[in-house]
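Welcome to a short tour of a protein model and its ligand. Have a look at the structure below, and then we can walk through it together.

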Amino acid sequence: MTIDNYKFAGKKAIVRVDFNVPLDDNGKITDDTRIRGALPTLKKILADGGSLIIMSHMGKPKGKVNAKYSLSQIVDAVSEKLGVTVKFAPDCAKAAEAAAALKDGEVLLLENLRFYPEEEGKPVGIDKEDPAYNEAKNAMKASQKEFAKTLASYADCYVNDAFGTAHRKHASTAVIADYFDADNKMLGYLMEKEVQAVDNVLGNIKRPFTAIMGGSKVSTKIGIIENLMDKVDNLILCGGMTYTFAKAQGGTVGKSICEEDKLDLALDIIAKAKAKGVNLVLGIDCVAADDFSNDANTQIVPANNIPEGWEGLDAGPETRKLFAEAIKDAKTILWNGPAGVFEFDNFTGGSKAIADAIAEATANGAFSLIGGGDSVACINKFGMADKVSYISTGGGALLEAIEGKVLPGIAAIKG
Ligand code: AMP
């Protein structure tokens, strides 16, 4: 079923959203992007004459009630954005009465799903090494099903619009779908857009395809780097992982971030790129700093010859040119992870050069997908969100989708 075809009039829809928004110390929302992302789906259901039961997680309360992560803090903001006074169910597993009482056009927000360990379905308080672990795990899986069944009992149909958690097989993101037949479960608009964006990058690839992978470590990105190797024409590796590659090739990297146990892996990636005819672009120079701080002294040095006591915190000017060359004529672009410590204003230059080249390519007709919290933060810091094709709301979920993994949240609906 699709959200456009379903007849919501007179129906109760339980919608999994990602309202895991950042809050300040006073419980005020500091970035409402995620709430705004779910609005098209929520408004469509209300406009069609349905009622809404909204469910989400917030933070990591680890299966326990914790006021710091209560969704009651966002009731007013959601009410304001939907233009409807949102009711609140303080216990998500005991909301049957409140759900049953909902009239068409009304909205009920359930308390944080992760106040129950059943949501994530991991046994609590028992070590994986414990002989009783498997038994505890099976017991938890059984109660997870019961929990999902309870949530499902509140509604006539299920909509999943939480891409950020689509790579998790949680009660509300996947297990719940078993309690609805195919005609009564569907993806929300945000999910549909995310799936489409991934398909634009991986499905019918327009070439050249340039992927830019940055961030701090190669170890956390290896799955996606290997998968991309079969698809891209140009692969730019930047950010902290540059120095693991420089060291692996015999360079000296001072006190730069470097994964000593991943040197062989780096050489393996270089060899694979060569074998597959992928143009692997690695930094040749960098902005080295004498301290991990915005006000550190800096010098431009070769990326493989960093003086003792100095560390590479950003891509250098020659590297930026190389990156721009590999990006500006591309027709498909994927960017995940910054080229430097962009949180410090003085080390944003490499990431800005990437963002500028992406904007230029996009203006010339490329499809550009930006994903992962930090690259999105970069694009927003530069005020360039409207100069790229699509900004994904998923970090881990996007990477897993691009790695070619089937996301449980999508499989549960699409089969
Ligand atoms: P990740 O979470 O792996 O995507 O990495 C993002 C983080 O990598 C950001 O917080 C950046 O500050 C950091 N980063 C990027 N380049 C470097 C670098 N050269 N040295 C240390 N950290 C870096």
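How many salt bridges does the rule find across the interface of domain 1 and domain 2? The rule finds 0 salt bridges there. Please keep in mind as you read on that this is a predicted model.

**The two domains**

Let us start with the overall layout. The domain assignment splits the protein into domain 1, residues 12–187, and domain 2, residues 195–402. Taken over C-alpha atoms, the centres of the two domains are 35 Å apart. Where the domains touch, 5 residues of domain 1 are in contact with 8 residues of domain 2.

Together, domain 1 and domain 2 bury about 560 Å² between them, and 69% of this area is on carbon and sulfur atoms. On the side of domain 1, F163, G164 and H167 lose the most area to domain 2, together accounting for 78% of what that side buries. Polar contacts between the domains can be counted as well: with both residues at pLDDT 80 or more, the count is 0 residue pairs. Sorted by class, the side of domain 1 that touches domain 2 has 3 nonpolar and 2 polar residues, with no charged ones.

**Around the ligand**

Now to the ligand. There are 14 residues around the ligand, and S216, K221, G312, E343 and D374 come nearest. By class, this shell divides into 5 nonpolar, 6 polar and 3 charged residues.

Here are some atom pairs to find in your viewer:

| Ligand atom | Protein partner | Distance |
|---|---|---|
| oxygen | S216, polar backbone atom | 3.0 Å |
| oxygen | K221, N or O atom in the side chain | 3.0 Å |
| nitrogen | G240, polar backbone atom | 3.2 Å |

How much of the ligand does the protein bury? Taken alone, the ligand exposes 500 Å², and the protein buries 81% of that.

Key: Residues are numbered from 1 along each chain as its sequence is written. This is a predicted model: local features need pLDDT of at least 70, side-chain atom pairs count only at pLDDT 80 or more; totals for chains, interfaces and linings use all residues. Side-chain values use heavy atoms; hydrogens and water are left out. A residue is near a molecule or strand if one of its heavy atoms lies within 4 Å of it. A polar contact is a pair of N or O atoms within 3.5 Å; within protein, one must be able to donate a hydrogen and the other to accept it, and residues adjacent in sequence count only if both atoms are side-chain atoms. Accessible areas come from the Shrake-Rupley method with a 1.4 Å probe; for residues, only the protein chains shown count as cover. Ala, Val, Leu, Ile, Met, Phe, Trp, Tyr, Cys and Pro count as nonpolar, Asp, Glu, Lys and Arg as charged, and the others, Gly among them, as polar. Domain bounds come from an automatic or database domain assignment. Contact means heavy atoms within 4.5 Å. Buried area is the accessible area (1.4 Å probe) that two parts lose on being put together, summed over both. A salt bridge is a side-chain nitrogen of Lys or Arg within 4 Å of a carboxyl oxygen of Asp or Glu.
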